Amino acid sequence: MATAKFSIKTTSSIFLVLCLTVFTLSCFADPDALQDFCVADLNSTIIVNGFPCKPVSEVTANDFYYSGLMNEASTDNRLGLGVRSGDVNNFPGINTLGLMISRVDLAPGGIIPIHTHPRATEANYVIKGEVYFGFISTSNVLYSKVLKAGEMSIIPKGLVHFVQNVGRKKAVVLAIFNSQLPGTSNLPNNLFASDPTLPNDLLAKNFQADENVIASIKSKFGN
């Protein structure tokens, strides 16, 4: 009888753990949509995790179409980089849909600085040119490859990565994210152009460099 009671208690405990696990996972996952769409009301003063919906009576077909990626962005800057973003601020119809698309123009030798997207996985589709993509795992392993037009890459969520045009002509890339606002942490700017600025001695110890070297780098970022 004792063995039977133990078995029943054990089965009940396992069932309880499974129930709690399913409940927890469901509570910490993105909820299913409760309507067909939720076009962002960019003028609302209500603060939520995203944007509130504007009334359906005010929604038009134009809310679901966007031409902002048609024209190339200027690459006349020190990075040789131009970006046009199709995020919720420019394209309200994607609100709550977990999607953002950007057009990236890169001059020969142009780069997207080393950065991360804390809230999204990224897919890159090369429209034109030869582009070097790479990301670094938390084990410090570099995964990189040069891609040509028609090829694509995946950058896992939150990992440090970079992009460089290694061809002789301008490159064009579509960057697609599974978040309407993926966020971008630009590591060079984070480290050398924060406000207030990080202490030179702290950066020097991190990079095993002289403080004068750190000060010189900071000066190139306007600090």
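What share of the contacts in the protein chain with a separation of 6 or more is accounted for by residues 24 or more positions apart? The share is 67%. The legends below describe a predicted model.

**View 1. The whole chain holds 4 helices and 10 strands.** Along the sequence, the pattern is α-β-β-β-β-β-β-β-β-β-β-α-α-α. One helix thus opens the pattern, ten strands follow, and three helices close it. The protein chain has 223 residues, and 29% of them are buried. Its accessible surface comes to about 14600 Å². Carbon and sulfur atoms supply 59% of that surface.

**View 2. A disulfide joins C38 to C53.** A disulfide is a covalent bond between the sulfur atoms of two cysteines. The count for this model is 1 disulfide. Its sulfur atoms lie 1.9 Å apart. The angle about the S-S bond is -105°, and the link of C38 and C53 is left-handed. Both C38 and C53 lie in the loop between α1 (2–27) and β1 (81–86), so the bond ties together parts that are 15 residues apart in sequence. The two cysteines fall into separate accessibility classes. C38 has 3% relative accessibility and therefore counts as buried, the class for values under 20%. C53 has 39% and therefore counts as partly exposed, the class between 20% and 50%.

**View 3. V126 sits in strand β4 and is buried.** Strand β4 spans residues 122–128. The relative accessible area of V126 is 0%, so the residue counts as buried. What does V126 touch, leaving aside its neighbours within four places in sequence? Its contacts include V131, F133 and L147. The stretch K148, A149, G150 and E151 is also in contact with V126. V172 and V173 complete the list. M152 offers a distance to check in the view: its C-alpha is 6.1 Å from that of V126. In sequence, V126 and M152 are 26 residues apart.

**View 4. Helices α3 and α4 pack at an angle of about 110°.** Two packed helices are described by the angle between their axes and the distance between the axes. Helix α3 covers residues 200–207, and helix α4 covers residues 211–220. Their axes are 8 Å apart. Angles of 65 to 115 degrees count as roughly perpendicular, and α3 and α4 are therefore roughly perpendicular to each other. From α3, the contact is made by N200, D201, L203, A204 and F207. From α4, it is made by E211, I214, A215 and K218. These residues divide into 5 nonpolar, 1 polar and 3 charged.

**View 5. The peptide bond from D195 to P196 is cis.** Its omega is near 0°. Where is P196 found? P196 belongs to the loop between α2 (187–192) and α3.

**View 6. T96 and N140 have positive phi values.** Neither residue is a glycine. For T96, phi is near 70°. T96 is found in the loop between β1 and β2 (100–106). For N140, phi is about 65°. N140 is found in the loop between β5 (130–136) and β6 (142–148). Is N140 buried or exposed? Its relative accessible area is 68%, so N140 counts as exposed.

Note on methods:
Residues numbered from 1 in each chain as written. Predicted model: local features only at pLDDT ≥ 70, side-chain atom pairs only at ≥ 80, totals over all residues. Heavy atoms only, no water. Axes fitted to C-alpha atoms, helices over the stretch in contact; angles between N-to-C directions. Helix = DSSP H or I, 4+ residues; strand = E, 2+ residues; numbered from the N terminus. Parallel < 35°, antiparallel > 145°, perpendicular 65-115°, else oblique. Contact = heavy atoms within 4.5 Å. Nonpolar A, V, L, I, M, F, W, Y, C, P; charged D, E, K, R; others polar. Disulfide = S-S within 2.5 Å. Buried < 20%, exposed > 50% of the residue type's maximum accessible area, 1.4 Å probe, protein only. Areas by Shrake-Rupley, 256 points an atom, 1.4 Å probe, with all protein chains shown as cover.
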